[in-house]
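Subject: Structure handover

Hello,

Here is the structure I promised to pass on. Please open it first, then read my notes below.

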Amino acid sequence: MRKLLCGTAIIAASGLGSFPAYAEMQASLASSYKPVLVAEGRSRSLCESKPGRIFVPTSSGSECIAYRVTKGFENRPAAVFYLAGDVSPEKANDPRKTMAYIPKQMQALQSLTNAHRVRYIKLGRIGVEGSSGNHGQHGSDHELAVMYGAIDILKQRLGIKTIGLVGQSGGSAVSAGLLTLGRTDVACAVLGSGPFNIIDRQRDFLIARGMSGSNARATTTQYDPSAHVDGVAEVPGRRVFIIGDPNDQAAPFKYQAPFARALHAANHHAVTVKVSVLIDPLHHNTAFYSLPAVGACLNGASDKDVVTTIGQVQKQVSAASRLARQHASTSE
């Protein structure tokens, strides 16, 4: 694995310095998260005393990572790894809240396994969904190293050789980061609503709050995938799809599309697909689109057919939105 750069090193390399007020705000947010399962994160035996957990040692520290695998097609050497989005401190600090939605998510993933004949593996990101750690470190070098190691361990444990990588929001940023670290086992990557241009996003945040362009300097502990496109390995046949809603309020589309253009400019396959997430007021949750798309991609569907799969989901989302509006109007 290519050596990770820390967030401050990334900024120094790009000519950005630190801005104390912003750094203080980030530190305040990070401190609002609490570390969970600390003992499990330090002990292999304690971590792996329960099923569905793996101990992942890295140079930045060890973690106990929870994973869940759908049933069937265990002999197929290809599988999907899914990384969900970032979680708020309020949810991350109460493990019951990040575990509550897991059963329904796994039911949905099992349906996708049955449809695409490939296993889906949901990785619990650090500090949530049964994994140890502090979720305040989401998107950091440490989380990338842990997720990288977790995939390697699970590949060996589950007999996987080729992977589809799929993410939502912050999980997409981590997935993009894994690509920039030179992984050669990723045949398909479908990245939904990912804030890939971390530094540009934070610079614009400061400008919007009164800083001039020349003085708006961001500091971040998050890994910026857009700064490391040169690390993406050349893999014949690999395909990357970037899915986003131009009206996304949580991760604006202008921080998503440039990553696809940068991949394409570096002679990597990259297709941008615009959708309209009508059932989400923030227009942000694109997991409905990306999860079936990665299954289709792993099964060898053409780019056109992958986009058609996404379009079919769009029709379902639009229909659900119309029904919701009709229900709302008749209830008034």
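I start with one helix, H7, and what lies over it. The buried residues of H7 are covered by, among others, strand S2 (63-69), strand S3 (78-83), helix H6 (95-100), strand S4 (119-123) and helix H12 (287-298). Please keep in mind that this is a predicted model.

**Helix H7**

H7 takes in residues 102-116, 15 residues in total. From first C-alpha to last it reaches 21 Å, close to the 21 Å expected at 1.5 Å a residue.

Which residues of H7 are buried? They are Ile102, Met106, Leu109, Leu112, Thr113 and His116. Their arc around the axis is only 115 degrees, which puts them on the same side of H7. Lys104, Gln107 and Ala115 are exposed, on the other side of H7. The general rule helps here. An α-helix has 3.6 residues a turn, so residues three or four places apart point the same way.

**The sheet**

Next, the strands. They include an open sheet of 8 strands with mixed pairing. Its order is S1-S2-S4-S3-S5-S6-S7-S8. The edges are strand S1 (53-56) and strand S8 (271-274). Each has a single partner strand, so one side of each has no neighbour in the sheet. From one strand to the next, the twist averages 20 degrees.

Now follow the sheet from S3 to S8:

- S3 and S5 run parallel, joined by 6 bridges. Ala78 stands opposite Thr162 in S5.
- S5 and S6 also run parallel, again with 6 bridges. Leu165 has Ala189 in S6 as its bridge partner.
- S6 and S7 pair in the parallel sense over 5 bridges. Val190 stands opposite Phe241 in S7.
- S7 (residues 239-244) and S8 pair in the parallel sense over 4 bridges. Phe241 has Val271 in S8 as its bridge partner, and Ile242 stands opposite Thr272 in S8.

Two of these strands deserve a closer look. In S5, 6 of the 7 residues are buried, so S5 is largely enclosed by the rest of the structure. In S7, 6 of the 6 residues are buried, so this strand too is largely enclosed by the rest of the structure.

How are the two faces of S7 covered? On one side, Arg239, Phe241 and Ile243 are buried. On the other, Val240, Ile242 and Gly244 are buried. The background is simple. In a regular strand the side chains alternate between the two faces of the sheet.

**Helices on the sheet**

Helix H8 (residues 141-158) lies across S1, S2, S3, S4 and strand S5 (162-168). Its direction is about 125 degrees to S1. H12 packs on the sheet as well. H12 touches S3, S4, S5, strand S6 (186-192) and S7. The direction of H12 makes about 170 degrees with that of S5. H12 also appears in the cover over the buried residues of H7.

**Two residues with positive phi**

Have a look at Arg117 and His283. Arg117 follows H7 and is found in the loop between H7 and S4. Its phi is near 60 degrees, a positive value in a residue other than glycine. Is Arg117 buried or exposed? Its relative accessibility is 52%, so Arg117 counts as exposed. The cut-off for exposed is over 50%.

His283 lies in the loop between S8 and H12. It has a positive phi of about 55 degrees, although it is not a glycine. His283 has a relative accessible area of 18% and is buried. The cut-off for buried is under 20%.

**The whole chain**

Last, the overall figures. The chain has 13 helices and 8 strands. Of its 332 residues, 52% are buried. Among contacts with a separation of 6 or more, 76% are between residues 24 or more positions apart. The accessible surface comes to about 14,800 Å². Carbon and sulfur atoms account for 55% of that surface.

Best regards

Terms used
Residues numbered from 1 in each chain as written. Predicted model: local features only at pLDDT ≥ 70, side-chain atom pairs only at ≥ 80, totals over all residues. Heavy atoms only, no water. Expected span 1.5 Å × (residues − 1). Buried < 20%, exposed > 50% of the residue type's maximum accessible area, 1.4 Å probe, protein only. Arc of directions from axis to C-beta. Contact = heavy atoms within 4.5 Å. Pairing = 2+ DSSP bridges. Axes fitted to C-alpha atoms, helices over the stretch in contact; angles between N-to-C directions. Areas by Shrake-Rupley, 256 points an atom, 1.4 Å probe, with all protein chains shown as cover.
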